[in-house]
Amino acid sequence: MKSFRLAIFTAMAALASVSAALAAPATVTTNVNVRSGPNAKGVIDVLRAGTRIDAQCDGSGWCQVSYGSVSGWVSGDYVVFDGQTQPPRPQPQPVPVPVPGNGGGWFPGNPGPGNGGGWNPGNGNGGWNPGWPQPPRPQPQPPRPQPPVYEDAGACFFSERNMRGRSFCLDQGETMDSLPRGWNDAIRSVQVFGGARVDLCSDQFQYGACVTLRSDTPRLRGQIDSQASSVDVY
């Protein structure tokens, strides 16, 4: 029996060493929940955007990560490995601007059939184009800052009023009977989206003084401001 247990322990150690060898340095691109397993509802920690991790991803869309003494699973959509770049966002295309006097007229000095040195029939205002310069085309504007990517329904919790400071998010249907490290008695504002509702309670396991939120709350009030110890999103 002892030899059988020793064989099992040796096999587990070998698997752990192989998993560690396959992990690679990476970075999370946004604030993301760390879960106890792939597709698991349980949230064990929250990683902030830019945190360095060791990650190993599979074809399911989830990555097993480790950092410090913590290990868990995060969505592969928010993990970028060293040397890998994020796909660029699509840029707006310039809108074509009509040229005044361009149609049904004479276009001197521009070779090409129907486009210069001849008559261009049926193309507009029947006027003469004396070679006016085209107005400059509008230049694409820099992309506006995009809000954080959230799932369809849920809530995000912030350490400062007006949805500022540190944050973590939960999907609709998730419950935290006790908040992650650093978050007990720290929530000061809540963003609610997708029709979800939120119960904040001053004690663990949804006991104590509780309040129900149905919309964004930039300033928590009363006994729940900086006093929440458990959360239910439904």
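This short presentation covers the disulfides and one small sheet of the structure shown above.

Good morning, colleagues. Please bear in mind throughout that we are looking at a predicted model.

I begin with the disulfides. The structure contains three of them. If the bonded cysteines are counted along the chain, the connectivity reads 1-2, 3-4, 5-6.

The link between C57 and C63 has its sulfur atoms 1.8 Å apart. The angle about its S-S bond is 100°, and the link is right-handed. How do the two cysteines stand with respect to solvent, buried or partly exposed? C63 is buried, at a relative accessible area of 1%, whereas C57 is partly exposed, at 36%. The cut-off that matters here is 20% relative accessible area, under which a residue is called buried.

I turn next to C201 and C210, whose sulfur atoms lie 2.0 Å apart. Here the torsion about the S-S bond is about 115°, so this disulfide is right-handed. C201 is buried, with a relative accessible area of 2%. Its partner C210 is partly exposed, with a value of 45%.

The remaining disulfide joins C156 and C169, with a sulfur separation of 2.0 Å. This link is right-handed, with 100° about the S-S bond. Which elements does the pair connect? C156 belongs to strand β8 and C169 to strand β9, and the pair, 13 residues apart, links distant parts of the chain. C156 is buried, and its relative accessible area is 0%.

That disulfide brings us to the sheet. Strands β9, β8 and β11 form an open sheet of three strands, in the order β9-β8-β11 and with antiparallel pairing. Why does one side of β9 and of β11 have no neighbour in the sheet? Both β9, residues 164-171, and β11, residues 189-193, stand at the edges with a single partner strand each, so one side of each is left without a neighbour. From one strand to the next, the twist averages 20°.

Let us look at the pairing of β8 with β9 in detail. Strand β8 spans residues 154-160, and its antiparallel pairing with β9 runs over six bridges. One of the residues involved is A155, whose bridge partner in β9 is L170. The strands β8 and β9 are thus connected in two ways: by their six bridges and by the disulfide with C156 in β8 and C169 in β9.

To close, I would return to the connectivity: three disulfides, in the pattern 1-2, 3-4, 5-6. Thank you for your attention.

Conventions
Residues are numbered from 1 along each chain as its sequence is written. This is a predicted model: local features need pLDDT of at least 70, side-chain atom pairs count only at pLDDT 80 or more; totals for chains, interfaces and linings use all residues. Side-chain values use heavy atoms; hydrogens and water are left out. Two strands pair if DSSP finds at least two bridges between them. Helices (H or I, at least four residues) and strands (E, at least two) are DSSP runs, numbered from the N terminus. Axes are lines fitted to C-alpha atoms, for helices over the stretch in contact, and angles run from 0 to 180 degrees between N-to-C directions. A disulfide is a pair of cysteine sulfur atoms within 2.5 Å. Buried means under 20% relative accessible area, exposed over 50%, partly exposed in between (1.4 Å probe, protein chains only).
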